[in-house]
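Please open the model in your viewer and keep the sequence panel at hand. The tour below proceeds by selection, with a short account of what is found at each stop.

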Amino acid sequence: MEVLFVGVGEAFDEALPNTSLLVTAQGRDGVRTLLLDCGFTAPFAYWRLAPDPADLDAVLLTHFHGDHFLGLPALVLRLWEGGRRKPLAVAGPAGVADKVCACLDLAYPSLRGRLEFSLEFTELAPGRPQDVAGVQVACAAPDHSPPCLALRLDEPGSALFYSGDGRPTAATEKLAAGCDLAVHEAYGLEPDIPGHGTVAGSLAFARRAGVHHLALVHLSRAVRQHRRAEVDAALRDAAGLDAILPVPGDRITF
């Protein structure tokens, strides 16, 4: 499994694209590529960084905040413009088909009628693992409003955890147990941020889940600009953890 960090930023970071991961995984019928979240600034980074932007099998959405799914109209339009024919799997929380179709119709009212490929929707829910484009996907609910889904992707011999947005919960800790890599939202440094993770909380979460490799994303632009030294110190002092703050274009293979 390989993870390419397409974006690592929060909603309004002018320097970094919205958090988005391109995952290459061994699926049931061969290697598959899956984009985890696609916010309004993510497609531009995806087109710049993906080895083959047209070779995308699925988009997985954690929730319906704009910085996690409103990049889909641009992504779908460019795939259509490039002559795509093969279906695109789109998975997310309950109501994913209605939400995605509504945003496509608002952005480009005639686009769905012109598509020469189908959008194949799958609703994800905690406790109900699903096959998405041939890859096993399970989910759990972090502490976030609106409801969000943390994701776990499994291939033979390896697994990835991605938190989406939100503070860790007992359910997300259980979901992450034994994963090779956890990618966790760490919006701030303060001990308690309603609906968001923190650096210290994410480090503690990884230790409890038995995850040895941790990447922190979605860091507040203010923290990144003015308190970066504190973040770096916390990562250096994370005994027993390989913890990093990735940048767009970084890759992790496991």
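Begin with Arg228, which is partly exposed, with a relative accessible area of 33%. The model is a predicted one, and this residue is the first stop.

**Stop 1: a salt bridge within one helix**

Keep Arg228 selected and add Asp232. The two side chains form a salt bridge, with the closest N and O atoms 2.9 Å apart. Both residues belong to helix α9 (residues 228-236), where they are four residues apart, about one turn of the helix. Asp232 is also partly exposed, at 24% relative accessible area.

**Stop 2: a salt bridge between two helices**

Next, select Glu173 and Arg208. Which parts of the chain does this pair tie together? A salt bridge joins Glu173 to Arg208, and the closest N and O atoms are 2.8 Å apart. Glu173 lies in helix α6 (residues 170-176) and Arg208 in helix α7 (residues 199-209), so the bridge ties together parts that are 35 residues apart in sequence. Glu173 is partly exposed, with a relative accessible area of 22%.

**Stop 3: the sheet that α7 crosses**

Keep α7 in view and display the strands beneath the selection. Helix α7 lies across β10, β11 (181-185), β12 and β13, and runs at about 155 degrees to β12. These strands belong to an open sheet of seven, in the order β7-β8-β9-β10-β11-β12-β13, with mixed pairing. The edges are held by β7 and β13 (242-244), each of which has a single partner strand, so one side of each is left without a neighbour in the sheet. Direction ignored, neighbouring strands of this sheet are turned by 25 degrees against each other on average.

Within this sheet, select β9 together with β10 (residues 158-162). The two run antiparallel and are joined by five bridges. Arg152 has Phe161 in β10 as its bridge partner.

**Stop 4: unusual backbone geometry**

Most residues other than glycine have a negative phi, and most peptide bonds are trans. Three places are worth selecting with this in mind.

- Ala133 is not a glycine, yet its phi is positive, at about 55 degrees. Ala133 is located in the loop between β7 (130-132) and β8, and counts as partly exposed at 24% relative accessibility.
- Ser145 and Pro146 are joined by a cis peptide bond, with omega about 5 degrees. Pro146 is in the loop between β8 (135-140) and β9 (150-155).
- His218 has a positive phi, near 65 degrees, and is likewise a residue other than glycine. The loop between β12 (213-217) and α8 (221-226) contains His218. Is this residue buried or exposed? His218 is buried, with a relative accessible area of 4%.

**Stop 5: the other seven-stranded sheet**

Now display β1 to β6 with β14. Seven strands form an open sheet in the order β6-β5-β4-β3-β2-β1-β14, with mixed pairing. At the edges stand β6 (119-123) and β14 (251-253); each has a single partner strand, so one side of each is without a neighbour in the sheet. From one strand to the next, the twist averages 20 degrees.

Select strand β3 (residues 30-36) and β4, which pair in the parallel sense over three bridges. Here Leu35 has Val59 in β4 as its bridge partner.

Two helices may then be added. Helix α1 lies across β1 (2-7), β2 (20-27), β3 and β14, running at about 130 degrees to β1. Helix α4 (residues 96-107) lies across β5 and β6, at about 140 degrees to β6.

**Stop 6: a salt bridge between loops**

Select Lys86 and Asp57, whose side chains meet in a salt bridge (3.1 Å, N to O). Lys86 lies in the loop between α3 and β5 (88-92), and Asp57 in the loop between α1 (42-49) and β4 (58-60), so the pair ties together parts that are 29 residues apart in sequence. Lys86 is partly exposed, at 32% relative accessible area, whereas Asp57 counts as buried, at 14% relative accessibility.

For a wider selection, take Arg28, Asp29 and Asp131, which are linked in a network of salt bridges. The structure holds 14 salt bridges.

**Stop 7: a nonpolar surface patch**

Finally, select Phe12, Phe40 and Leu70 and switch on the surface. These residues form a nonpolar patch there, with about 290 Å² of accessible area together. Leu70 lies in the loop between α2 (66-69) and α3 (72-81), and counts as partly exposed at 37% relative accessibility.

Key
Residues numbered from 1 in each chain as written. Predicted model: local features only at pLDDT ≥ 70, side-chain atom pairs only at ≥ 80, totals over all residues. Heavy atoms only, no water. Patch = residues over 30% accessible without salt bridge, like charges linked within 9 Å, V, L, I, M, F, W, Y side chains within 5 Å. Areas by Shrake-Rupley, 256 points an atom, 1.4 Å probe, with all protein chains shown as cover. Salt bridge = Lys/Arg side-chain N within 4 Å of Asp/Glu carboxyl O. Buried < 20%, exposed > 50% of the residue type's maximum accessible area, 1.4 Å probe, protein only. Pairing = 2+ DSSP bridges. Axes fitted to C-alpha atoms, helices over the stretch in contact; angles between N-to-C directions. Contact = heavy atoms within 4.5 Å.
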